[in-house]
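Please consider the following model and the explanation that accompanies it. The discussion proceeds from the overall arrangement to the interior and then to the ligand.

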Amino acid sequence: MLKPDELKVLDKGFVRLVEMMGDDFSPVQAARVSTGKGLTTPERDRRLIFYLMENDHHSPFEHIVFKFHIKVPIFVMRQLVRHRIASINERSGRYTEFEEDWYTPERVREPEKGNIQGSRFSDDEELNQKSLALIEESISSSYKTYRRLLGMGVARELARIVLPTAMYTEFYWTINARSLMNFLSLRADSHAQYEIRECAEAIAEIFKRTCPMTFEAFVRYHYSGDIITRGDQNDT
Ligand SMILES: Cc1cc2nc3c(=O)[nH]c(=O)nc-3n(C[C@H](O)[C@H](O)[C@H](O)COP(=O)(O)OP(=O)(O)OC[C@H]3O[C@@H](n4cnc5c(N)ncnc54)[C@H](O)[C@@H]3O)c2cc1C
């Protein structure tokens, strides 16, 4: 069950903003320390945000910091942790048992011709049915083995080695807006895997709601694709 402040990701995951430091005016304030001037008019502040973004003066955006609570499958988190300019604390598989909680895709995807890392949703119903049943059978069997091992007295830290990367995990992720924009450029992009793109789009929606001007400037100058946020989806 999703909490009101959680944005859904895939079938059972979510992204939630726990807290944040700063807003659209934090980079303005930080940049104006150079000249000893504070905030001026909203219109001039907005122009400064766009000027900073257009001219790659990205350090002032480090003064906006987000702390997210994220739940995604392990294979998605593995891609997310490659973004090193962020802080992470994850739920422990040594202190806690994994629940019966894994990702089940709605449809399978086939390799995309001419794009070595890409894929497209399959419209082959037979392939969908057979593969999804096989995926479910395999994960469910691994999970049963995990529970059996625990029941036999094997430690959680070892029993978990039989679990697949489709299992959901949870973590706190703290990241500044500069690094977040780098993350979105790479993971809200059509070259990113569908599952992390879903996560990135939920994060983009929170970024847009909390820092609308910075988001607008980012999309204008540093995002070549067609960023889809959850808000856009709800509008249509
Ligand atoms: C479509 C796609 C496919 C990918 N495929 C693979 C793959 O096959 N195998 C694989 O291993 N990874 C893969 N990656 C991960 C990718 O190589 C990056 O590790 C990941 O996207 C994080 O990006 P980043 O380094 O810019 O982010 P961060 O780690 O958050 O770093 C942000 C920025 O800080 C600077 N920085 C950080 N660390 C260093 C450093 N050590 N030295 C110098 N500058 C630094 C860089 O300017 C960097 O852009 C893939 C990513 C994408 C989006």
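How far apart do the C-alpha centres of domain 1 and domain 2 lie? In this predicted model, the separation between these two centres is 31 Å. The domain assignment places residues 6–91 + 167–235 in domain 1 and residues 109–162 in domain 2.

The interior may be taken next. The largest nonpolar core comprises 50 residues, and those with the most contacts inside it are Val9, Val15, Leu180, Leu184, Cys199, Ala200 and Ile203. Helix 7 (residues 194–210) supplies the largest share of this core, namely 8 residues. Because domain 1 and domain 2 both give residues to this core, it lies between them. Cys199 illustrates the packing: apart from neighbours within four places in sequence, Cys199 is in contact with Val9, Val15, Ile70, Val72 and Val76.

Attention now turns to helix 6 (residues 177–187), whose buried residues are Ala177, Leu180, Met181, Phe183, Leu184 and Arg187. These residues span an arc of only 160° around the axis and are therefore on the same side of helix 6. The packing partners of the buried residues of helix 6 are strand 3 (65–73), strand 7 (168–176), helix 7 and helix 8 (212–222).

Finally, there is the ligand. Its surroundings are formed by Arg82, His83, Arg84 and Ile85, together with Ser179, Asn182, Leu186, Arg187, His191 and Ala192. Classified by type, this shell contains 3 nonpolar, 4 polar and 3 charged residues. Arg187 thus appears twice in this account, being one of the buried residues of helix 6 and one of the residues that surround the ligand.

Methods. Residues numbered from 1 in each chain as written. Predicted model: local features only at pLDDT ≥ 70, side-chain atom pairs only at ≥ 80, totals over all residues. Domains from an automatic or database assignment. Near = placed C-beta within 6 Å. Nonpolar A, V, L, I, M, F, W, Y, C, P; charged D, E, K, R; others polar. Core = buried A, V, L, I, M, F, W, Y, C linked by C-beta atoms within 7 Å. Buried ≥ 20, exposed ≤ 12 C-beta atoms within 10 Å, placed from the backbone. Helix = DSSP H or I, 4+ residues; strand = E, 2+ residues; numbered from the N terminus. Contact = placed C-beta atoms within 7 Å. Arc of directions from axis to C-beta.
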